[in-house]
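I opened my notebook to look up how the parts of this structure meet. I jotted things down in the order I checked them.

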Amino acid sequence: MGKKKCIAMLLAGGQGSRLNSLTKQLAKPAVPFGGKYRIIDFTLSNCTNSGIDTVGVLTQYQPLLLHSYIGIGSAWDLDRRDGGVTVLPPYSESSGVKWYEGTAHAIYQNINYIEQYDPDYVLILSGDHIYKMNYAKMLDYHIEKGADVTISVIEVPWSEASRFGIMNTNEQMEIIEFEEKPVHPKNNLASMGIYIFSWPLLREYLQIDNNNPHSSHDFGKDVIPLLLHEGKRLVAYPFKGYWKDVGTVKSLWEANMDLLNPECELNLFDHMWRIYSVNPNQPPQYIAAYASVVSSLVNEGCVIEGEVEHSVVFQGVHIQKGAVVKDCVVMPDATIGENVYMEKAIVPSALEIPAGTVIRPSMPEEIVLVTKEWLEQQRSETIEKG
Amino acid sequence: MKMMLGVIDATTYMEPLQNLAAHRSVAAVPFAGRYRLIDFVLSNMVNSGIESVAIFPKYQYRSLMDHLGSGKNWDLNRKRDGLFFFPSPDLPLPSSQIGAFQHFEQHIDYFLRSKQKYALICNSYTVCNIDYRLVLEQHIASQCDITEVRYQGRSLEMFVLETSLLLDLIANRVQTGYNSIGDVVHNPFHSLNVCHYEHDGYVAVIDSVESYFHHSLQLLQPDVWKQLFIQSRPIYTKVKDEPPTQYTADAVVKNSMIANGCVIEGHVENCIVFRGVKIGKGAVVKNSVIMQKTQIGERCELEHVIIDKDAKVENDVKITGAEHRPFIIRKGTVQGVLMSQ
């Protein structure tokens with residue numbers, strides 16, 4: 001294998017339990033987003049667009065769909081002779097099977113993979129976030145600053161700072177303190193979970209961390225605090241632009257709705273920074289004579305016969321006559337029956353909403369995640385009332 | 001179906017389609033919002049299990065080659081068999097009949113090396129969704145020499161025959177006087193046993209601007225596109241990685257087929273809209289075909305037009321073509337207000 005200047009390790013093993021039933025059978029990075037993508041498409045496309053051609057994808061939780069989706073990486077132009085995408089699930093060795101115990105442990109278990117490429121730098125990414133970022137610029141910054149570790153940070157509203165890992169920096173953007181979810185934040189620069197390490201240093205500290213029986217083997221909780229404690233040079237890389245952790249049903253819905261805002265910074269139509277995804281090979285969408293579609297994103301293969309307003313509609317969705325879909329996210333191959341009324345809801349893939357169903361949140365700030373169980377419950381309630 | 005190889009004759013030149021095929025071969029004419037004409041026959045072959053496909057182009061095949069690439073989008077980038085591209089730029093004008101033997105002879109090695117017992121020869125401009133396995137089954141069961149696929153009595157220029165018979169016909173073309181497979185089938189005095197297979201689904205033969213326009217707008221009838229776009233037999237094409245189509249608050253869309261990557265701010269009715277098209281605020285576009293990446297300005301009024309790829313229609317342009325004679329805006333051109341007055 002040829003030497004690579006920088007390779008990426010993409011952590012994609014997360015369950016995303018706060019996405020409830022959406023992640024029952026698939027890992028969070030595989031959750032559909034934005035009318036045609038899966039969450040991981042953004043990080044993989046960022047790699048390709050940044051010129052990073054070697055990406056190890058670490059999987060663990062519900063990997064079947066994620067593995068088949070990534071395949072050999074062709075969709076992102078990452079099917080390379082030298083490098084490209086490699087899926088790295090946990091494996092067994094003579095001493096037994098080792099599940100990935102934490103983010104740092106997952107990387108530790110794949111030191112052999114990294115060493116094949118003898119990289120100078122390793123970029124650690126998470127497959128959970130929606131954003132467009134040029135990692136090459138971040139690497140330049142890392143080199144220019146002479147940093148041991150560079151951590152990408154984004155300004156968050158002060159009121160929300162206590163939900164994030166907050167980096168306290170000096171004027172040179174050197175990190176002097178890291179606080180995980182501080183009650184009284186001193187700063188509003190949140191870690192985006194994107195790290196560039198100089199590889200020899202990372203290798204050394206992964207070893208140290210692995211030998212520590214009290215460690216939870218997590219970058220944020222263990223490795224970064226240890227490096228700070230030992231006086232290493234940690235630098236914050238300020239990122240400006242759209243970035244969203246779609247960790248909850250509500251934030252997933254919000255991030256989809258963001259795309260419908262003409263002012264949204266996340267431009268999917270930028271040909272210079274395309275977001276690639278696996279193509280579903282469906283015909284163009286058909287909008288019927290009596291349909292109406294406004295302020296929405298609609299993907300190929302859809303048949304729209306009802307009214308769609310301010311919604312994100314994935315491929316292969318059928319919205320039947322008289323149905324009204326408002327402020328909704330409708331995932332691939334779902335069917336919305338005749339005269340359904342839906343507002344502020346997420347419909348998961350391939351779900352069929354029976355004709356005449358009314359779906360709206362009971363509280364105005366809530367989002368309904370429609371499930372089969374929910375639909376059955378509605379039906380039995382209607383029968384009882386009826 | 002490792003038993004049959006596919007041959008697509010993309011040598012056709014059609015004067016009546018000239019306005020859409022000036023920069024591209026007929027096989028590469030865009031159709032149905034995101035496809036090229038050749039996608040239909042090629043996908044039919046792939047969906048019928050054919051793993052070796054030879055394409056014989058003649059005119060302006062740059063866009064065709066660009067479109068097909070390695071054949072990956074059709075799953076034809078194979079170590080064994082796969083997609084073959086056989087241009088013969090030095091040959092004189094080909095026979096007006098499909099399946100010119102002279103053209104095949106230039107690349108006879110392909111036929112000699114192929115292990116497939118049967119060959120399927122098709123033109124590139126017949127749009128339908130057909131399972132060639134059924135054609136072959138009938139061909140074998142009825143012990144025919146050549147089976148011709150027909151639709152309502154009209155030849156669809158799709159033929160199944162044994163590869164060895166094809167090789168004989170190519171080798172003996174001077175003696176027999178048959179210059180193409182079409183010659184053989186349409187000569188009432190030939191000695192071969194020619195059978196017919198009747199296809200009963202949707203068919204569009206694109207051989208003129210009028211038929212192109214007519215069949216494009218026919219696709220807006222659900223019972224028509226349902227026969228063409230069958231979930232178990234998808235039509236493959238070159239992937240473009242366009243985002244979903246965006247409809248703004250002012251968009252009005254009625255009875256239209258719209259591909260990905262468009263931004264629709266105006267009024268679109270009875271239209272086929274290809275990938276990456278932008279339709280400006282206040283524009284009204286009716287009964288038209290708008291090809292890839294074309295931009296239509298604000299307040300335009302267009303009816304019965306075909307706008308080819310990468311064209312630009314400036315603000316406030318009004319153009320009305322006739323139902324049977326659509327107004328054509330050529331590829332890459334700019335249509336200003338003064339030009340149409």
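**Entry 1: the domains of chain A.** I started with the domain assignment of chain A, which gives domain 1 (6–259) and domain 2 (286–384). I keep in mind that this is a predicted model. The C-alpha centres of domain 1 and domain 2 of chain A come out 34 Å apart. I then looked up who takes part in the contact: 18 residues from domain 1 of chain A and 22 residues from domain 2 of chain A.

Next I wanted the area. Domain 1 and domain 2 of chain A bury about 1,500 Å² between them, with 76% of it given by carbon and sulfur atoms. On the domain 1 side, A:Gly35, A:Trp253 and A:Met257 lose the most area to domain 2 of chain A, and together they account for 38% of what that side buries.

How many salt bridges did I find between domain 1 and domain 2 of chain A? The count is 0. For polar contacts between these two domains of chain A I noted 3 residue pairs, both residues at pLDDT 80 or more. Strand 2 (32–33) and helix 8 (249–258) of chain A are the elements that give two or more residues to the side of domain 1 that touches domain 2. Helix 8 of chain A has the largest share there, 6 residues. By class, I wrote down 11 nonpolar, 5 polar and 2 charged residues for that side of domain 1 of chain A.

**Entry 2: the domains of chain B.** I repeated the lookup for chain B, where the assignment gives domain 1 (4–228) and domain 2 (246–335). Their C-alpha centres lie 32 Å apart. Domain 1 of chain B puts 22 residues into the contact, and domain 2 of chain B puts in 26 residues.

The buried area between domain 1 and domain 2 of chain B is about 2,000 Å², 65% of it on carbon and sulfur atoms. In domain 1 of chain B, I marked B:Gly33, B:Phe213 and B:Leu220 as the residues that lose the most area to domain 2, together 32% of what that side buries.

I counted 1 salt bridge between domain 1 and domain 2 of chain B. I also looked up B:Arg24 and B:Asp308, whose side chains meet in a salt bridge at 2.8 Å, N to O. On the side of domain 1 of chain B that touches domain 2, strand 2 (30–31), strand 3 (35–36) and helix 9 (209–218) each give two or more residues. Helix 9 of chain B brings the largest share, 6 residues.

**Entry 3: chain B against chain A.** Then I turned to the two chains. Here 37 residues of chain B are in contact with 34 residues of chain A. The area buried between the chains is about 2,900 Å², and carbon and sulfur atoms give 50% of it. In chain B, B:Asp241, B:Pro244 and B:Tyr247 lose the most area to chain A, together 23% of what that side buries.

I found 2 salt bridges between chain B and chain A. B:Lys72 and A:Asp79 meet in a salt bridge through their side chains (2.9 Å, N to O). I also noted 23 residue pairs in polar contact across this interface, both residues at pLDDT 80 or more.

**Entry 4: strands across the chains.** Which strand of chain B is joined to strand 16 of chain A? I found 3 bridges from strand 16 (residues 285–287) of chain A to strand 14 of chain B, and the two strands run antiparallel. In strand 14 of chain B, B:Ser256 is the bridge partner of A:Ile287.

How values were computed:
Residues are numbered from 1 along each chain as its sequence is written. Chains are lettered from A and ligands numbered from 1 in the order in which they are written. This is a predicted model: local features need pLDDT of at least 70, side-chain atom pairs count only at pLDDT 80 or more; totals for chains, interfaces and linings use all residues. Side-chain values use heavy atoms; hydrogens and water are left out. Domain bounds come from an automatic or database domain assignment. Contact means heavy atoms within 4.5 Å. Buried area is the accessible area (1.4 Å probe) that two parts lose on being put together, summed over both. A salt bridge is a side-chain nitrogen of Lys or Arg within 4 Å of a carboxyl oxygen of Asp or Glu. Helices (H or I, at least four residues) and strands (E, at least two) are DSSP runs, numbered from the N terminus. A polar contact is a pair of N or O atoms within 3.5 Å; within protein, one must be able to donate a hydrogen and the other to accept it, and residues adjacent in sequence count only if both atoms are side-chain atoms. Two strands pair if DSSP finds at least two bridges between them. Ala, Val, Leu, Ile, Met, Phe, Trp, Tyr, Cys and Pro count as nonpolar, Asp, Glu, Lys and Arg as charged, and the others, Gly among them, as polar.
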